[in-house]
Amino acid sequence: MLINWAVVPTCLPIIRRRCHGCASQRLRASGKFRVNANHKLIDTWLLALCTECGETAKLTVLERMTVRTIPPEMLDRLHANEPGLTAELLQDPDVQHRNRFTLDWTDAWRLDTAGSDHLDCDVLDVAVRNAARIPVRPTRLIADGCGLSRGEVSRLITEGKVVSAARLSGKLSGDFTFTLKR
Ligand SMILES: [Zn+2]
């Protein structure tokens, strides 16, 4: 039986980047953008606030772009401070790289399973979707989703009763599948 699980964000992750006002490494997206137009060139920043001192940090989204090269719907979303756009941009590798930050997803996601009806099947094929690329421990997901302890999951992996093409030790930040045989 094939079932689908999903790792889904429950809130925005913490932005890990040095605050300029204090020694904190934790910023929270404000949900607001700043758009600055100057002679048909547009700069855009995503505004974030230090969780300790409240200092505002500006994360570059668009830099000196000519207006006509920016899709109109993008400008609409920026001017509307659309919440979904903040989430998209925080997860954008280019934005992360340009602004030198990483994301801390602790307590900012949950596992959606298809309920527990399937758990007594002899063989279970599970496809785990992780669209936001949140780093998660597969052993923890399997334990939570199957109602097992992490120790039991480790034992099942050792015994070859949980198998996957993905490496199940450590953390994964993408889609993967596994099979559980009882
Ligand atoms: Zn600070």
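Start with the whole chain in view: of its 182 residues, 38% count as buried. Keep in mind as you go that this is a predicted model.

**Stop 1: the whole chain**

Switch to a cartoon display and colour by secondary structure. You should find five helices and 10 strands. The radius of gyration is 21 Å, well over the 16 Å that the globule rule gives for 182 residues, so the chain is more spread out than a compact globule. Turn the view along the principal axes, and the C-alpha atoms fill a box of roughly 65 × 40 × 25 Å.

Now add a surface. The chain exposes about 10,500 Å², and 48% of that area is supplied by carbon and sulfur atoms. If you prefer to draw contacts, take those with a separation of 6 or more: residues 24 or more positions apart account for 62% of them.

**Stop 2: strand β5 and T60**

Next, select residues 56-66, which form strand β5, and pick out T60 within this strand. Is T60 buried or exposed? T60 has a relative accessible area of 14%, and since buried means under 20%, this residue counts as buried. To see what surrounds T60, show T44, W45, V95, R98 and N99 as sticks: T60 is in contact with each of these, leaving aside its neighbours within four places in sequence.

**Stop 3: helix α4**

Move on to residues 138-146, helix α4, which is mostly covered, with seven of its nine residues buried. Select P138, T139, L141, I142, A143, G145 and C146 to highlight the buried ones.

What do the buried residues of α4 pack against? Bring up these elements one by one:

- strands β1 (2-9), β7 (109-112) and β8 (123-129)
- helix α5 (150-158)
- strands β9 (162-163) and β10 (176-181)

Before leaving the helix, step just past its end to G147, which takes a positive phi of about 70 degrees.

**Stop 4: the largest pocket**

For the last stop, select L103, D104, W105, T106, D107 and W109, then add P135, V136, R137, R140, R150 and K171; together these residues line the largest pocket. Its volume is about 240 Å³. Colour the lining by residue type, and you will see five nonpolar residues, one polar and six charged.

While the lining is selected, look back at helix α4: R140 lines the pocket, and its position falls within residues 138-146 of that helix. R150 is in the lining too, and helix α5 covers residues 150-158.

Terms used: Residues numbered from 1 in each chain as written. Predicted model: local features only at pLDDT ≥ 70, side-chain atom pairs only at ≥ 80, totals over all residues. Heavy atoms only, no water. 1 Å grid on protein atoms, 1.4 Å probe; cavity = no way out; pocket = protein on both sides within 12 Å on 5 of 7 lines; lining within 4 Å. Points joined across faces, edges and corners; volume = space filled by probe spheres on them. Nonpolar A, V, L, I, M, F, W, Y, C, P; charged D, E, K, R; others polar. Helix = DSSP H or I, 4+ residues; strand = E, 2+ residues; numbered from the N terminus. Rg over C-alpha atoms; globule rule 2.2 N^0.38 Å. Buried < 20%, exposed > 50% of the residue type's maximum accessible area, 1.4 Å probe, protein only. Contact = heavy atoms within 4.5 Å. Areas by Shrake-Rupley, 256 points an atom, 1.4 Å probe, with all protein chains shown as cover.
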